[in-house]
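Me: I have a model open on my screen and would like a close look at one part of it. Could you walk me through the salt bridges and then show me what lies around them?

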Amino acid sequence: MAPSLAQAYRRRWWMAITAIIENLLFSAVLLGWGSLLIMLKNEGFYSHLCIENETVDTNVTSMENGGWRSCVEQEEVLNLGFTIGSFLLSAATLPLGILMDRYGPRPLRLIGSSCFAASCAMIAAAAYDPEVLSGLIFLAVSFNGFGGICLTFTSLTLPNMFGNVRSTILSLMIGSYASSAVTFPGVKLIYDLGVSFRVIMWVWSGMACTVFMNCFLNWPAESFPAPEDIRYTSKKVKLSGLVTEDKMTGDRYVTHVAVMEDMMGPKQPEPEQTDTQSTTQGSVPLCHSVCSPIFLWSIITMAMTQLRLIFFMGAMNKMLEFLVTHGNPNHSEELQKEGEEQVGFYSSIFGTMQLLCLLTCPLIGYIMDWRLKDCEDENANTQTEKSQSDAPKRDRKIQKLTNAMRAFTFTNLLLVTFGIISMFDNLHLQLVSFVLHTIVRGFIHSCCGGLYAAVYPANHFGTLTGLQSMVSAAFALLQQPLFILMLGHLSGDPYWINLVLLIFSLAGFLLPGYLFYHRRNLIRAKAERDRLAASQSIKETTPLTQSDSGTAKSQAKGHAANGYSSNGHTV
């Protein structure tokens, strides 16, 4: 039986820690494609294409280990598998978001862990006879991508249980997802030690079954509510005001009474709560959020960034090889061997650097949570909870937009810097591009998730994130024709493709630009509301002061009529 929300709230730290580990080992591991590609080629996947094209000497490379051949046709087919898997890794988020908003994360997480286990089992089975079963790799990477995004996507609502540090925990979830690209490089290290590729895949499949058991025992059947919706505990504290009036002076006093209400029972209709919560959550239609300018600009930014990052990951091995051979088709065997060694070495470094996502993503989460504790509560009742003596607090919505604007601006600056460095014909300088690529990949998803969580209702988060990811994944499919263009017409030279992608990546600054414009309008609207509220309060206090002075005069006249003076002595 699935645990309740109250039980899940008590286990929230266990769930968060295990979700980070599970994302690291089982989510977007396909993004470590460079290391997996080397292992698949060593195991002979689609090597029969090289035997069929043996007459073309420039496209065929002999492999000493195992006697398997390698060629351009083999790399194009395997890269197509990466394109399909990475597409499902993002495109499946739209139906997953709709299903998660309706049924909660538990069933999707169970399905995702099962798909990932099945994908590892299929790769292991295909390795027994790659000449016949190489086609299973497409089904395997499809299951791998779908299962990985299920695990990632279901963990994105878990930070709702952590209140004001929600963006920080969310960034850790996204950081572990982005860092999962280090898994295949780690597997390759084990593979290079002599462990069988089939044994590694079977063990990995068994480890995925532990994710299934952990979800079955600890994840609740309900969705995780937003931090403003206190449904994690069985009791709720309600602050109500008791108004008393002094009959002699006419002064009114408000006494706050704490009332414990049982949340497990049926809810009583509360006009005040219904007005505030339904207005902010339930009454906002989904089409209004989808058609909002912030969401549309975020789609443009994420689509361009996703294509830039995915193309670099898919074509990295060939770009590194070009930096060694400089595109010379008649290079010597020594240069070719050196190129293979350099590609293997740098791909391992790139995979190891993916752990930087887990280490640097809390920084962008900290930027998204900056000074939120100093902001006034969005659901606070200003008439009962806010006194005139309190210092003015920041508006929470304006502060969230300010933080998102700064986070996107910083991330886009790093993306442009990465694009510039990747154009230099220097192998050692590419280590800097590896670092920037890793940081940007973790930052951009944390920024987008934090923006949606800050601006839109909680019940729209899954659908909006899924729609954005699906559009970005469809746009990222362009990386396959770009890869073919680089290998064919450009003879392996990525310079012109990198230049075009650098120019298009400048479109990422349009989103923070609109956020700045929208924030300025909100500041003006807030200033106008404050001005109207101040003038209204002045109008309300003026008759009260007049009535108080009239009451004092009438009391003085009454004392004089009874024979008393103003100092209390008898006249």
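Before we get to the charged pairs, what is the mean pLDDT of the protein, and what share of its residues reach 70 or more?

Reply: Happy to, and confidence is a good place to begin. This is a predicted model, with a mean pLDDT of 78 for the protein, and 78% of its residues reach 70 or more. Over residues 251-281, though, the pLDDT is below 50, even if this stretch has 58 contacts in the model beyond near neighbours in sequence. Residues 62-66 also stay under 50, and there the model has six contacts beyond four places in sequence. Where pLDDT is low, the predicted coordinates should not be read in detail.

Now to the part you asked about. A search of the whole structure finds seven salt bridges. A good one to start from is the pair formed by K318 and E75, whose closest N and O atoms are 3.4 Å apart. This pair links distant parts of the chain: K318 belongs to helix 15 (residues 293-325) and E75 to helix 5 (residues 72-91), with the two positions 243 residues apart. Both K318 and E75 are buried.

K318 has another partner, E321, and their side chains meet in a salt bridge at 3.2 Å, N to O. Where the link to E75 spans two helices, E321 and K318 are both in helix 15, and because they are three residues apart they are separated by about one helical turn. An α-helix has 3.6 residues a turn, so residues three or four places apart point the same way. How exposed are these two residues? E321 has a relative accessible area of 28%, so it counts as partly exposed. K318 has a relative accessible area of 14%, and because buried means under 20%, K318 is buried. Salt bridges that share partners join K318 and E321 with E75 and K41 into one network.

For a pair within another helix, look at D192 and K188, where the closest N and O atoms of the salt bridge are 3.0 Å apart. Both residues lie in helix 11 (residues 183-192), four residues apart, about one turn of the helix. D192 is partly exposed at 48% relative accessibility, while K188 is buried at 10%. As a general point, side chains of opposite charge can pair when their charged atoms come close.

Helix 15 is also a good way into the nonpolar interior. The largest nonpolar core has 127 residues, and those with the most contacts inside it are L158, W204 and L515. Helix 15 gives the most to this core, with 17 residues. To see what surrounds one of these core residues, centre your view on W204: leaving aside neighbours within four places in sequence, its contacts are L25, F26, V29, F116, C120, T183, F184 and V187.

Among those contacts of W204 is F26, which is also one of the buried residues of helix 2, a set that includes M15, A16, I20 and L24. Helix 2 covers residues 12-26 and reaches 20 Å from its first C-alpha to its last, close to the 21 Å expected for its 15 residues. F116 and C120 also touch W204. Helix 7 (residues 105-126) has 22 residues and reaches 32 Å between its end C-alpha atoms, close to the expected 32 Å. Because 17 of its 22 residues are buried, helix 7 is largely enclosed by the rest of the structure.

One more stop brings us back to helix 15. Y456 sits in the loop between helix 20 (430-455) and helix 21 (461-476), and with a relative accessible area of 9% Y456 is buried. Setting aside neighbours within four places in sequence, Y456 is in contact with S289, S292, I294, F295 and L464. The side chain of Y456 reaches the backbone nitrogen of F295 at 3.0 Å. The C-alpha atoms of Y456 and V284 are separated by 9.0 Å, although the two residues are 172 residues apart along the chain.

F295 turns up again beside Q468, a residue of helix 21. Beyond neighbours within four places in sequence, Q468 is in contact with F295, I299, M302, C448 and Y452. Q468 counts as buried, at 4% relative accessibility.

Methods. Residues numbered from 1 in each chain as written. Predicted model: local features only at pLDDT ≥ 70, side-chain atom pairs only at ≥ 80, totals over all residues. Heavy atoms only, no water. Expected span 1.5 Å × (residues − 1). Buried < 20%, exposed > 50% of the residue type's maximum accessible area, 1.4 Å probe, protein only. pLDDT = per-residue confidence, 0-100. Contact = heavy atoms within 4.5 Å. Polar contact = N/O pair within 3.5 Å; in protein donor to acceptor, adjacent residues only side chain to side chain. Salt bridge = Lys/Arg side-chain N within 4 Å of Asp/Glu carboxyl O. Core = buried A, V, L, I, M, F, W, Y, C linked by side-chain atoms within 4.5 Å.
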